[in-house]
Amino acid sequence: QLSRLPHIHEPGGLRESGRDWIHHPPRFPSLMAETKIIYHMDEEETPYLVKVAVPPDRVTLGHFKQVLNNRPSSSFKFFFKSMDLDFGVVKEEISDDNAKLPCFNGRVVSWL
């Protein structure tokens, strides 16, 4: 059963859609977005996956380190799948906690 709630696109947040009133909750992509980070450790065959509650275009090395809180991240070098104009796909070392991470299809791929 359709609830007859207001639509958000009408003045005051309402718009009639067909014969029913439809409610579409406002979307806040920056609040709901998350980034999947796949990371490889040593020579292990299966990578790990963590989710960071930050949109892919804003996720930094510092955010990644926060989700690795049970591991001493100072003992790792962090390499990320990146695109270089001269060489194509490469593993780029990132050490600045404020640096944004390179993202492919909404995901970050890393090697520690």
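Reader: How many salt bridges does the structure hold?
Author: This is a predicted model, and the structure holds one salt bridge.

Reader: Which residue forms a salt bridge with K65?
Author: The partner of K65 is D97, and the closest N and O atoms of the two are 2.8 Å apart.

Reader: And where do K65 and D97 lie?
Author: K65 belongs to helix α2 (residues 61-67), whereas D97 sits in the loop between β6 (88-93) and β7 (107-111), so the salt bridge ties together parts that are 32 residues apart in sequence.

Reader: Why does K65 count as partly exposed?
Author: Its relative accessible area is 22%, and partly exposed covers the range between under 20%, which is buried, and over 50%, which is exposed. D97 also counts as partly exposed, at 35% relative accessibility.

Reader: Now to the strands. How do β3 and β7 run, and how many bridges join them?
Author: β3 and β7 run parallel, and five bridges join them. In this pairing, Y39 stands opposite S110 in β7.

Reader: What about β5 and β7: parallel or antiparallel?
Author: Strand β5 (residues 79-84) runs antiparallel to β7, and two bridges join them. Here F80 stands opposite S110.

Reader: Another topic, then: where does E44 lie?
Author: E44 is found in the loop between β3 (35-40) and β4 (48-52). With a relative accessible area of 39%, E44 is partly exposed.

Reader: Which side chain does the side chain of E44 join in a polar contact?
Author: The side chain of E44 is joined to that of Y48 by a polar contact of 2.7 Å.

Notes
Residues numbered from 1 in each chain as written. Predicted model: local features only at pLDDT ≥ 70, side-chain atom pairs only at ≥ 80, totals over all residues. Heavy atoms only, no water. Helix = DSSP H or I, 4+ residues; strand = E, 2+ residues; numbered from the N terminus. Buried < 20%, exposed > 50% of the residue type's maximum accessible area, 1.4 Å probe, protein only. Polar contact = N/O pair within 3.5 Å; in protein donor to acceptor, adjacent residues only side chain to side chain. Salt bridge = Lys/Arg side-chain N within 4 Å of Asp/Glu carboxyl O. Pairing = 2+ DSSP bridges.
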